[in-house]
Structure formats: structure tokens, C-alpha cells
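User: I should like to study the charged pairs of a protein model and the way its chains meet. Please take me through the questions step by step.

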Protein chains: 2
Amino acid sequence: MQSDAAAARQEIALLLRRLNVELDAVGQRFADLHGLNRTDVRALVAIMDAARRGEALTAGRLGEAVDLRSASVTALVDRLEKVGHVRRVRDPEDRRRVGLEMSEAAMTAGAQHFGGLARDLSAAMEGYSAEDLAVVRRWLEDMTGVITRHSRGEPSAD
Amino acid sequence: MQSDAAAARQEIALLLRRLNVELDAVGQRFADLHGLNRTDVRALVAIMDAARRGEALTAGRLGEAVDLRSASVTALVDRLEKVGHVRRVRDPEDRRRVGLEMSEAAMTAGAQHFGGLARDLSAAMEGYSAEDLAVVRRWLEDMTGVITRHSRGEPSAD
DNA sequence: GTCGATTATCTCGATCGTCGAGATAATAGC
DNA sequence: GCTATTATCTCGACGATCGAGATAATCGAC
């Protein structure tokens, strides 16, 4: 019988779900603090991520990132622009395109909130050995693979 | 210099964020498959979790679980009841209260989708030793602690 | 037991986010 | 040039959520 081991694995799956809920709550809290909704936060994070990679997101690409139709993206960017979080910048190369640039203030607020979390997570991992972190890393990659297949609706490999 | 170790920790934090995104996508997929929105899915999960604990959720408690005001809960339960996923059951003890019972079909669909994920996750952990899983478990608890503090807006312990 | 306070849910009207359809404007291909 | 394609925007409609207030049941003090 290995039902003990199976129970341990199920418990870990439950812990993962709980972590997921709390991680979502971090985004929700940022939204509450800044008078935004969850979509707005996801958009700002997408723009920030792109900026970190050195790319300036266009309206269309932002829509793909947050899975919204063009009409909704226009409304979304209107909201973010109205409160000064982003600026529309027409691309001189292709004047149909609208680039999105985050304001310094929004960048700072985002870095403080989410960067602070990343810093605290990193700090909480300081007590772990390189070997332990390698295990965690492999586990994260394995779990993400399984989850990704589920989110795409692909059959489980059994 | 331990910037290598710091970089490894940051990378793990990024992996965790990616996992979170995919885990959200699993719920989104369930919603798409059944013509529901994310709130409806969260509600069904909350009802299912309560049922597993042997409790029948009332409308009010469901509202707390998914963070909605009573007016929205009424609309939410109306939606779920209309498509036959839940049934309103007046509590004979306290006839103000409305208990919520999931239909067999909804229960089965939920168990299939989310239970299937749990099963696959568990299977993917079979290759891990008890020691490795203990590391993962401790790590999950530590990270959840940090994240929960952030989601509650409590100061980081530095 | 009766009556006011409290609790649980519901109704109504308003607001806001999202979308489909179609307009507008710029680019690309021939 | 002229047409097809691409990127974004406008407009009208729909649906999820909410605040305020209504309704109905329970509780507590007397």
C-alpha cells in the first residue's frame, strides 16, 4: 500500500491550489489599492513585462496578452490613459499602430508591489540549499507542464 | 558573490508566476466549456469544496467565499440555478436561509475537470522521493505564507 | 407572548466592462 | 494608382456587479 504517499501528493496539490488563490489575491489587492479592476492590472503587468524585455506593447498585442477584443482594448487603454498610467504613442514607422508606454508613477507602483513580493519570495528561499531549490524548480516545471496541458484541453498522458 | 543563487531564486519566482497563470487558465477553460464566467466557476468550486467537507453552503456564505454582495449572489445563484447546476433549498431550521445543493451533473463535471487535474498532478509527483516531496511541501508553505502576507497588505518581515 | 432589533435574502435601478458589427485610416501588393 | 489587408476606434447592446431599500424570519428583552 502506498496510500500514504498518495495522500501526501494530494495534500501538496491542495497546497498549490491555496497558493494560487492567495497569488490571485495579491493582484486583487493591487487593483483595490489603485482603483483598478483585475483586467487593468493584468494589462499593466503585461505592459511592464514587455517593457522589461525592451519591447513596447501595441494595443493589438496587449489585447492578445489579456485576451480581449479590439473594442475592449480601446476601452481598457482609455481607462488606463485617463488616470495617467499609460500613454498612447503613435508608431512613426507604421502610423496605424498605437504603442503603449507606462508612466513613471505606474511603473514605480507596480515595481514596488510586485517587485516587493518577488523580493520577499526570494528572501524566503535563502534558507534553501541549491539542491533543494533544484528539486523545487524541477517540480515547478513538471507541474506547470501538467497544468498547461489541462488549460489547453490536451489529453493527460497516462 | 551569490548573485547566481539570487538569480536562481528569481527564476523560481518567475516559474511560480507562470504556473499561476496556467492554473487560472484551467478554470477559464472549464468556464468556456460550460458557458460560465469566472465567478460562476469560483462559486461552483466553493460549493463543491463545502460539500466535500460535508457542509451545505448558504447564499450568504457563498457570497463571502467569492467576495460578492448579496445582490450579486442572488443574480449568481439565479444563473447557476437556471442552467441546473445548483438548487436552492430553504433551511427548515431557519427559513431565512437558502442552502445551495449542486446537481449530480455539475458535481460530476467538476470532479472530472478538476479532479482529473489533481490526479495528473499526483501522477506527475510519483517519481519524487518522500524527501523531495517534503522539501516541496515546506517550500509551498513558506511561499504561501509570504504571498498571504502580501495579499493582506501586511508588512514584509525584513 | 409581543414588539423592536437583527439577520438572510431578494428586488430594483444604475454603472461599468466586454463584445460584435462596422467605420476609419494607414500600409502592402500588384 | 487601386484593391486587399491590417490596426485601431466608434457605436449600440448585453451582462455582471453594486448600493439602497424591501421583505420575511428569528432573536432578545420585557
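**Salt bridges and the chain interface**

Analyst: In this predicted model, the side chains of R9(B) and E126(A) meet in a salt bridge, 3.7 Å from N to O.

User: Where do R9(B) and E126(A) lie, and what does the pair join?

Analyst: R9(B) belongs to helix α1 of chain B, residues 3–34. E126(A) sits in the loop between α5 (104–124) and α6 (130–152) of chain A. The partners therefore come from separate chains, and the pair joins two chains.

User: Is R9(B) buried or exposed?

Analyst: Buried means under 20% relative accessible area. R9(B) has a relative accessibility of 7%, so this residue counts as buried.

User: Which residue forms a salt bridge with R18(B), and is that partner buried or exposed?

Analyst: The closest N and O atoms of R18(B) and E22(B) are 3.5 Å apart, and the two residues form a salt bridge. Both lie in helix α1 of chain B, four residues apart, about one turn of the helix. R18(B) is partly exposed at 44% relative accessibility. The partner is E22(B), and with a relative accessible area of 9% E22(B) is buried.

User: How far apart, N to O, are R88(A) and E81(A) in their salt bridge?

Analyst: R88(A) is partly exposed, with a relative accessible area of 30%. E81(A) also counts as partly exposed, at 30% relative accessibility. Their side chains meet in a salt bridge, and the N to O distance is 2.6 Å.

User: Which residues are linked with E11(A) in a network of salt bridges?

Analyst: Side chains of opposite charge can pair when their charged atoms come close. E11(A) forms a salt bridge with R137(B), with the closest N and O atoms 2.9 Å apart. The network linked with E11(A) consists of R137(B) and E141(B).

User: How many salt bridges are there between chain A and chain B?

Analyst: A search of the whole structure finds 32 salt bridges over all chains. Between chain A and chain B, the count is nine.

User: What area do chain A and chain B bury between them, and which residues of chain A lose the most area to chain B?

Analyst: The contact takes 51 residues from chain A and 51 residues from chain B. The two chains bury about 5,500 Å² between them, 65% of it on carbon and sulfur atoms. On the side of chain A, three residues together account for 12% of what that side buries. The residues that lose the most area are R9(A), Y128(A) and H150(A).

Note on methods
Residues numbered from 1 in each chain as written. Chains lettered and ligands numbered in written order. Predicted model: local features only at pLDDT ≥ 70, side-chain atom pairs only at ≥ 80, totals over all residues. Heavy atoms only, no water. Salt bridge = Lys/Arg side-chain N within 4 Å of Asp/Glu carboxyl O. Buried < 20%, exposed > 50% of the residue type's maximum accessible area, 1.4 Å probe, protein only. Contact = heavy atoms within 4.5 Å. Buried area = accessible area lost by both parts, 1.4 Å probe.
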